[in-house]
Every structure is written in C-alpha cells, then in structure tokens.
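Please read the following walk through the model with the structure open beside the text. The paragraphs go from a metal site to ring contacts and then to strands.

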Amino acid sequence: MIWNSKYETMPRGELEALQLERLKAQLSRVYEKVPFYRHAFQQQGITPDSIRSLADMSKIPFTTKQDFRDNYPFGLLAVPLQQVCRLHASSGTTGKPVVAPYTANDLRMWTEVMARTLTSAGVTKDDVMQNAYGYGLFTGGLGFHYGGERVGAAVIPTSTGNTKRQLMLIQDIGTTVLTCTPSYTLILAEAAAEIGMDLRLTKLRLGICGAEPWTEQMRTEIESKLPIKAMDIYGLTEVVGPGVSVECPHRCGLHIFEDHFLPEIVDPQTGARLPNGQKGELVLTTLTKEALPVIRFRTRDIASLRAEPCQCGRTLVRMTKVTGRTDDMLKIRGVNVFPSQIESILLQVEGVEPHYLIIVDRERHLDDLEVWIEVSEAVFSDEMRKMEALQKKVKDEVEATLGIGVRIKLVEPKSIARTEGKAKRVVDRREL
Amino acid sequence: MKIRQVSVFVENKPGRLVEMLEVLKGQKMNIRALCISEGSDFGIVRMILSDPAKGADAIRKAGFTATETTVLHSEMPDEPGGLLETVAKPLAEAGINLEYFYAFINPSPGKANIVLKVSDPDRAEQVLRR
Ligand SMILES: [Zn+2]
C-alpha cells in the first residue's frame, strides 16, 4: 500500500525538478535566517544562487554533529521561538544533546512521512499498534505515535520497558504491530519464553524496527523467534526523527522520502561524492523543514543508494540497510572493523544468540580483540570437545573475515547486560 | 543401565559453583556423583542427581545453561584392574568410543560405580551387561 501516490510514485524528472525548487528556497532561507549557514557559504565563496542544479550540491559545505554541539541549543534555529511548537532532543551519550525544534508545519510533515512509513511497512487502520519506542525527548515515541494515529491504527503508547506488561498487553489487547528497536523484540521473545508464553498464539504479525543498526542475520533471528515480519526504518533526530526512509514489502532497500529529504553518499574520509551503488557515508539535506533545516548533514551512517524503479511502484530512491556507522567503526591493529560484521558471523553459527559483546583492549601496545558469546542451551554440550570446537569455529570465521586475531569467550546467559533502547555491543578499553 | 545426567555451564569466576550448589541444596537435591571438566575460562559440571528433571529445572530457573543427557551407569569390582577388565577393554573390543567417565563410591563393599558417556549407549549397555 502507498499512502501518498502523488509524491511516492512521482516520475523521476518531475521529482528532481521539485527537489531543486525546494532546495533553492531552503538555501535562500537558511542563508538569510541562520548566521551559521551564511558564514559557511561565505567561507566557501558561494551564495544560494551558486546552486543551479542538484549536482551543484557538492559545492555546499557539510554540517556535522559538532556543528550542532557548537550551536547548542538554538544556533541553527531558522524561525523565531514563538513559531516552535515542540522540542525533542537526542540521547547524546556525551556532552549536550542535539535539540530538535519543530514548527506546526514541521509536525504535519513529520506525521505525513510517518504515515507513509507505516503504510509502506504494512500498517493499516485495522491494526493495533503497540509503540514500545521511548516517549519523551527521544523522537521515536511521538513520531510513531502520531504516524500510527494518522493511518488510523489503534495506538498503544506503552513506551519502553516493563517487558512483562508489554507481553500482557500483546496477549490481552491483541496487538498486531510492534514498533520498537530490533534488540527489544528479542528481549520480548526471551521474556515470553521465560514465562511460558507462546507468541505464536498472539495476533502479532508485524514489527517495525529501527533506532539502531541491525543486520539481515538479526532479522532472520527475530523472524524465527517472533511471529512477525520485521521491517526496517531509518531516521535521525537532526533531520526529523524516524520517517526519513522505510522498506516496502519487497524489502530491497529503504525508500527515502525524497520530496522532503535529499540524499547523497560521500566518501567518509575525503567527502567526495560517490556514485549510486557505491558504499559510503549518507548525507542528508532537508527540503521542507522550517524550524531546523539542515544542509548536507553528515549522518555517519554507512549505506549506498539505488535509483532503479522498485516493483512496489515507488520511484523514490532506495538506500541499503544501515549496518554500520562511521563512528562505530573500530580500528583494531589498523584494520577497520564494524560490530555488524562480527554479528553477521556469530548469527551464521547455528544456535548462537545475538547477545554478544566486543571488547577491545590494549596490552603491551598491541590491540586485543575479545568477543563474548552467551552459551544458550542450543549450543551447550556436556562434552568439552564440542564446546571447544564451537569456540574454534567462531574464532576461525571471525579471523578469516577480519584478518586479525580474536579471543572467543563463552559466558553464561544474561552475563551481557540487556538494554531496552540501543544495545551496547562494544567496550573499548584502550586509552588512546 | 541408562541414567540421566545433568550438565551445567559454569564460568570460571569465584562463587559460581557455590551458587549452583546452593540451588540444589535449596531443592534438597542429593548429588550422587559429580565431575568437572575444565576449559580455559569455563567448566562443565556433570552430575548424577536424586531427581534429574527437577534439579535441571531449578538450575535453569536460577539462570544457568543446563542440559540433560543419557549416560550409562555401571558397577565394577573395587579391585586392581577392575575398570580395565570390566569396562574399558570390553568397550574397546566392541569398537565403542568412550567420551568421558567418572567413578564414585558404592555403599556395598567391594564394588565401585562408574558413569560413562559413550558413542553408542545402547550397544555399550549390552556389552557391559555381559
Ligand atoms: Zn519498493
């Protein structure tokens, strides 16, 4: 199903003309209203008029997370505060959060893209949607909430946590759609198994998962443990929150709502623009945001773009599933390692649970990589020989993929802390 | 004869074995035999319990990974060469692999107990019965 056929299936030529028109207006506005952008443009020796085509985008300087920090809280605001009707903020792990103000039009646009997102993922007005994204400063809770209401689903605003109550509601109210982080679906499955609840006997059929990178292997795991089709969504606080892109039923990438968000892929090191199909850092420009327009924002997420038409009828470009971030990237003995690479390997080993922890340490000036894996009954054997074979198998596969040595440590179940939001996968003890 | 053995994954860190044993004590479970196989940072604790199903269940509920397997229990004479002549040799001659075994005391004098994990328990049972 398509929520807004006019924009979601617009012929490419028409769509690109619309993007250019909106981009020009957006650039003029930020140049006039936001000193940060005006200075950045002037330093580059350009004005909004220098941009005559979408290809001219590469002349515009990037905006980074650091720019948000430097301009905290309202330095990037493009409207008077009186026009702001809501504020969200990211869960900054260090220092100040990213503040995201919205005007009434911004909220309407956000609800629109969330309605498109949910419709694309398969939600209809007949659904009961249990929204276990965090309500509050985090954009996930309210973003999904208003999108769900717009589509006409019955929304249960459970927010995160209280896993037992989540399960009770799934059972008693007959929840059909679960919206939460991918790792939380597995926490729910684990908790259901513990209390002897068979999720297959519930009405659950769909999960809409985002807010953290996850792999195809994790999707397989989720779909084997819960009776849901797990759909991937993408978004970020600096740009809008959830609602930037979503999978369609063909699950061949995430369609970006390009009439509102203009995507580019650049080389994370040089910043040079990369052609479609090539993997690099996703850069986004908002085309219609009023309160917090953002120009060429470096998302730090690794993806590639595909512009070929999709079987679903959408003409919108597709981005690959984000499985890594430039800042998750660990440099171990000079080798670039993404936690998602290790996750993929682990999940290919029969019976291994997606609960793992990567520990990087530096001993005698040498980086040391250790991966903890929880031993579930599926992989446990009373024979030491078999346990050692499991350890060796994982070790060999990780080493073959990464090209660096690793120690595999088998640990007891639940030794690795469970989080209800973003899962913590890496402990870096190196003091660099 | 075939009996059920409960095996538990225990990390090599202080107090974990004690915690597991506390669980069994809390269930008033008698441990008839126990052996620990040690790896570099974990151990496999194998036990013959007075009530294996109940014991395994309690251990799992306490958060451990446990599994139940079928092993053989046999009696042998408590004398020099007893293990060799009544167990090891007959199994080797029948081409049955011994994965591991452990022995424990038998209350009747002159006898010892042995628990064996073998490649083919059915055939091993017949061999040992002879
Ligand atoms: Zn599609």
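Donors are the N, O and S atoms that lie within 2.8 Å of the metal. Under that criterion, the residues that donate to the zinc ion in this predicted model follow the spacing C-x6-H-x54-C-x1-C along the sequence. The atoms concerned are SG of Cys248(A), NE2 of His255(A), SG of Cys310(A) and SG of Cys312(A), which coordinate the zinc ion at 2.1 to 2.3 Å. The angles among the four donor atoms run from 103 to 113 degrees, and the site is accordingly classed as tetrahedral; for comparison, the ideal angle for four tetrahedral donors is 109.5 degrees. Of the residues at the site, Cys248(A) and His255(A) are both buried.

The aromatic side chains offer a second way into the model. A pair of aromatic rings is described by the distance of the centres and the angle of the planes. Over all chains, a search of the whole structure finds seven aromatic pairs. One of them consists of Phe68(A) and Phe297(A), whose planes stand at 80 degrees with the ring centres 5.5 Å apart, so the pair is edge-to-face. Because Phe68(A) belongs to helix 4 (residues 65-70) of chain A and Phe297(A) to strand 12 (residues 297-303) of chain A, this contact ties together parts that are 229 residues apart in sequence. Phe68(A), at 6% relative accessibility, counts as buried, and Phe297(A) is buried with a relative accessible area of 0%.

Another pair is formed by Phe380(A) and Phe9(B): the centres are 6.1 Å apart and the planes lie at 80 degrees, so this pair too is edge-to-face. Phe380(A) sits in the loop between strand 19 (366-374) and helix 11 (384-402) of chain A, while Phe9(B) is in strand 1 (residues 2-11) of chain B, and the pair therefore joins two chains. The relative accessible area is 7% for Phe380(A), which is buried, and 0% for Phe9(B), which is buried as well. Together with Phe42(B), Phe380(A) and Phe9(B) form one aromatic cluster. Rings also meet charged side chains: Arg298(A) lies over the face of Phe62(A), at 4.6 Å from the ring centre, and Lys409(A) lies over the face of Trp372(A), at 4.7 Å from the ring centre.

The strand that carries Phe9(B) leads into a sheet of chain B. This sheet is open, has six strands in the order 2-3-1-4-6-5, and is paired in the antiparallel sense. At its edges stand strand 2 (31-38) and strand 5 (98-105) of chain B, each of which has a single partner strand, so one side of each is left without a neighbour in the sheet. From one strand to the next the twist averages 30 degrees. Within the sheet, strand 1 and strand 3 (residues 42-49) of chain B run antiparallel and are joined by six bridges, and among the residues involved, Ser7(B) has Arg46(B) of strand 3 as its bridge partner.

In chain A, strand 19 has seven of its nine residues buried, so this strand is largely enclosed by the rest of the structure. Strand 19 pairs with strand 18 (residues 356-363) of chain A in the antiparallel sense over eight bridges, where Asp361(A) has Asp368(A) of strand 19 as its bridge partner. With strand 20 (residues 407-411) of chain A, strand 19 pairs in the parallel sense over five bridges, and here Glu370(A) stands opposite Arg407(A) of strand 20.

Technical notes
Residues are numbered from 1 along each chain as its sequence is written. Chains are lettered from A and ligands numbered from 1 in the order in which they are written. This is a predicted model: local features need pLDDT of at least 70, side-chain atom pairs count only at pLDDT 80 or more; totals for chains, interfaces and linings use all residues. Side-chain values use heavy atoms; hydrogens and water are left out. Donors are N, O and S atoms within 2.8 Å of the metal (3.2 Å for Na, K and Ca); water is not among the atoms, so sites may look incomplete. Four donors count as tetrahedral if all angles lie between 85 and 135 degrees; four count as square planar and six as octahedral if opposite donors are over 155 degrees apart and all others between 65 and 115; anything else is irregular. Buried means under 20% relative accessible area, exposed over 50%, partly exposed in between (1.4 Å probe, protein chains only). Rings of Phe, Tyr and Trp (its six-membered ring) pair if their centres lie within 6.5 Å; planes under 30 degrees apart count as stacked, over 60 as edge-to-face and the rest as tilted. Helices (H or I, at least four residues) and strands (E, at least two) are DSSP runs, numbered from the N terminus. A charge sits over a ring if NZ of Lys or CZ of Arg is within 6 Å of the ring centre and within 35 degrees of the ring normal. Two strands pair if DSSP finds at least two bridges between them. Axes are lines fitted to C-alpha atoms, for helices over the stretch in contact, and angles run from 0 to 180 degrees between N-to-C directions.
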